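Student: Hi, could you walk me through this one? I'd like to go through it bit by bit.

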Amino acid sequence: MAPPPSPSPAVVLVDAVALSGRFPLLAGANVTIPAGQSVLVEGANGAGKTSLLRVMAGLIRLESGGISVLGLDPVAERRLLRRRIGLLGHASHLYDDLTVAENLRFAVRAAGGDVARIPAACERWGLVGRLGKTGTGKLSAGQRRRVALAIHTARWPELWLLDEPHAGLDAEARVLLDGLIAEAAASGVTVVVASHEVELVEPLVTRAVTVAGGRVVAEREVAHVG
Amino acid sequence: MWGDAWLVATKDLRIELRSKVGLSQVIPFGVVALVLFAFALGPDRVQMAKGAPGLFWVAVLFTTVLAVQRSVSVEASDGAQDGLRLAGLDPAGLFLGKGLAIALQLIVLEVILAVGVVLLYGASVTTLWLLAVSCLLGTVGLAATGTLYGALSAGLKVRETLLPFLFLPIVTPVLLAGTRCWQAALAGGTPADGSLWLRLLVVFDAVYIAVGVLAFGPIQESL
């Protein structure tokens, strides 16, 4: 399990500018996410939601501006940081020629996670029995997503960066995912969810930031009724 | 670093064993190249035995390109490359692991091709240790350069065509030294005959392993 949240912010971005060639991915984004908070990142297609998450994960280098994630520099201290964060992106990062169990074992070991947590994660995501021994290349998109989420569950990083996490999941898996996010938030993990499905994610978060044109243009508290 | 290297190497080797691409395509390609060279040289056994060392290494070089492309393509699907980056693996360990997996596949290939050279070209080996040591050192050099240039070309759309263009000229020293060692080994040469070329291979290996260990991380992050 993740340690209790530190008092310092989990993520701080100050005037963050990131480019892909000459195309601006982030154009002066400012955001602070306190440790232990669950945040929805909303915005239209191409607004910069995915880029924001990839910058936080250190996959995209800033051209200018400042960034600190879990108190670390995502570029200079990337190796240390990446062991403490988990990014669930559009891709599942799985090898088609390995079985589900082999993919899980490799991913968790590679990230320095505890392999003893894998069986419980598989159980949770229904990846037991024959499915565990099935080649990942034979799985549906939704099943691949379950495997990626099982890796996340087994690793249990301190900062979860989830990009459209509900995409491709069936109703049962969506309920499982919502339960997982709620459990992670309750355990002190910082969760950042980029999603178009605002109505699905809002019950799981306490704050929402709106991204447009590579900038954070609005922030709001999310009130929960009842 | 070594733990990460072993983890990555075993992963890549498991994928190759499972997919059988190496067994059904990469190694047969090397054998076919050897057979075609034999056809090109004609039925003169003396001529064939004389050309055997160079043809062996040319076949190994071409097949290495396929093995490296395969190693790169494994990481290209489903964002696996990003997965490796996000795992926080030691880049040096990643370089050594991917190189080790390629090297082990090349050793299997070289054993098969060496048998092919003896059977097809009528070559007879008189100094086996020189043959084995040159193969081992050549393999390390090919795997190190292949892994490095494979990573350089990984993010490019033209990687299939660019990789041989970058890789083959760079490994000319391996072709040259390997061929000279094999010529000495087939002619019953003394250690002195091969020592200069073995030293060249050692230097080549050391340089490319060092460059790979240092440069693999920045290359990966620039993709």
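**Cysteines, helices and the interface**

Tutor: Sure, with a cysteine to begin: Cys181(B) counts as buried because its relative accessibility is 0% (buried means under 20% relative accessible area, exposed over 50%, partly exposed in between, with a 1.4 Å probe and protein chains only). This is a predicted model, where local features need pLDDT of at least 70 and side-chain atom pairs count only at pLDDT 80 or more, while totals for chains, interfaces and linings use all residues. Residues are numbered from 1 along each chain as its sequence is written, chains are lettered from A and ligands numbered from 1 in the order in which they are written, and side-chain values use heavy atoms, leaving out hydrogens and water.

Student: Why is the sulfur of Cys181(B) too far for a bond with the closest cysteine sulfur?

Tutor: The closest cysteine sulfur is in Cys135(B), and it is 9.3 Å away, so that is too far for a bond. A disulfide needs a pair of cysteine sulfur atoms within 2.5 Å.

Student: OK, and how many disulfides over all chains?

Tutor: Searching the whole structure gives zero disulfides over all chains.

Student: Is Cys122(A) buried or exposed?

Tutor: Cys122(A) counts as buried, because its relative accessibility is 10%.

Student: Switching to rings: how many aromatic pairs are there over all chains?

Tutor: There are six over all chains. Rings of Phe, Tyr and Trp (its six-membered ring) pair if their centres lie within 6.5 Å; planes under 30 degrees apart count as stacked, over 60 as edge-to-face and the rest as tilted. One of the pairs is Trp156(A) with Trp160(A), edge-to-face at 5.0 Å centre to centre and 80° between the planes. Trp156(A) and Trp160(A) are both buried. Phe204(B) and Tyr208(B) form a tilted pair, with 4.8 Å between centres and 40° between the planes.

Student: Where do Phe204(B) and Tyr208(B) lie?

Tutor: Both are in helix α9 (residues 191-221) of chain B, four residues apart, about one turn of the helix. Helices here are DSSP runs (H or I, at least four residues; strands are E, at least two), numbered from the N terminus. Phe204(B) and Tyr208(B) are both buried.

Student: What does Ile170(B) contact, leaving aside its neighbours within four places in sequence?

Tutor: Ile170(B) is in contact (heavy atoms within 4.5 Å) with Thr145(B), Tyr149(B), Phe204(B) and Tyr208(B). Ile170(B) belongs to helix α7 (residues 159-170) of chain B, and it counts as partly exposed because its relative accessibility is 25%.

Student: Nice. Why is helix α4 of chain B largely enclosed by the rest of the structure?

Tutor: Eight of the eight residues of α4 (residues 80-87) are buried, so the helix is largely enclosed. Among them are Asp82(B), Arg85(B) and Leu86(B). After α4(B) comes Gly88(B), with a positive phi near 75°.

Student: And the interface, which residues of chain B lose the most area to chain A?

Tutor: Chain B and chain A bury about 2,200 Å² between them, 56% of it on carbon and sulfur atoms. Buried area is the accessible area (1.4 Å probe) that two parts lose on being put together, summed over both. In chain B, Leu7(B), Asp78(B) and Leu86(B) lose the most, together 31% of what that side buries.

Student: How many salt bridges cross the interface?

Tutor: The rule finds eight salt bridges across the interface of chain B and chain A, each being a side-chain nitrogen of Lys or Arg within 4 Å of a carboxyl oxygen of Asp or Glu. One example is Arg70(B) with Asp97(A), whose closest N and O atoms are 3.5 Å apart.
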